[in-house]
Amino acid sequence: MKIKVWVNGKLVQDDIAPDMTLFNYLRDKGYKSVKCGCDTSNCGLCTVWVEEKAVLSCSVLAMRVDGKHVITLEGLQDEAEAFGMMLASEGAEQCGYCSPGLIMNVLRMKRELKNPTDEEIKAYLSGNLCRCTGYMGQLRAIKKYMSQNGEA
């Protein structure tokens, strides 16, 4: 099946298998920030944006993004770096394996929520699992990032 998709603003056209997931497609194209941690759509590590909406790439068929715009962490490098530094400053980066998916959701949340409460932040990020932290460092970094005016 032929698809045409914009990944991080770059037009890509390919012939793919009908059952290929967006996760596998992006990894095959070299977007290594997209990780897999569960194979069950439960961990959030594979989060990307499709048409400005956060989605789990392991649960979306690549053919479903035909004609659409996909953004990975590589396409948001400056913002991601700014928030990543906040994670590190709060001691919340640990091994970093889950960070790309978390960062994708935090950057999306900043665009969607204004002055969220702790409970709203926790609800928004409920699908992001981390095996290394107790989440408190992450919450501190997220609150600091969310309190900044404008984009990072």
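In this predicted model, C130 sits in a loop, with helix 4 (118-124) on one side and helix 5 (136-146) on the other. Its relative accessibility is 11%, and because buried means under 20%, C130 counts as buried. Leaving aside residues up to four places away in sequence, C130 touches C98, Y135 and Q138. A further relation links this loop residue to a distant part of the chain: G37 is 93 residues apart from C130 in sequence, and the C-alpha atoms of the two are separated by 9.7 Å.

The other region to follow begins at strand 1, which covers residues 2-7. Its side chains alternate between two faces. I3, V5 and V7 point to one face and are buried, while K2, K4 and W6 point to the other face and are not buried.

Strand 1 has pairing partners in strand 2 and strand 5. With strand 2 (residues 10-15) strand 1 runs antiparallel, and six bridges join the two. One of the pairs involves K2, whose bridge partner in strand 2 is D15. The two strands form a hairpin that has two residues between them. In the turn of this hairpin, N8 has a positive phi of about 55°.

Strand 5 (residues 69-71) runs parallel to strand 1, and two bridges join them. Here W6 is the residue to look at: its bridge partner in strand 5 is H69. The W6 side chain belongs to the face of strand 1 that is not buried, together with those of K2 and K4. K2 and W6 thus each have a named bridge partner, K2 in strand 2 and W6 in strand 5.

Technical notes
Residues numbered from 1 in each chain as written. Predicted model: local features only at pLDDT ≥ 70, side-chain atom pairs only at ≥ 80, totals over all residues. Heavy atoms only, no water. Helix = DSSP H or I, 4+ residues; strand = E, 2+ residues; numbered from the N terminus. Buried < 20%, exposed > 50% of the residue type's maximum accessible area, 1.4 Å probe, protein only. Contact = heavy atoms within 4.5 Å. Pairing = 2+ DSSP bridges.
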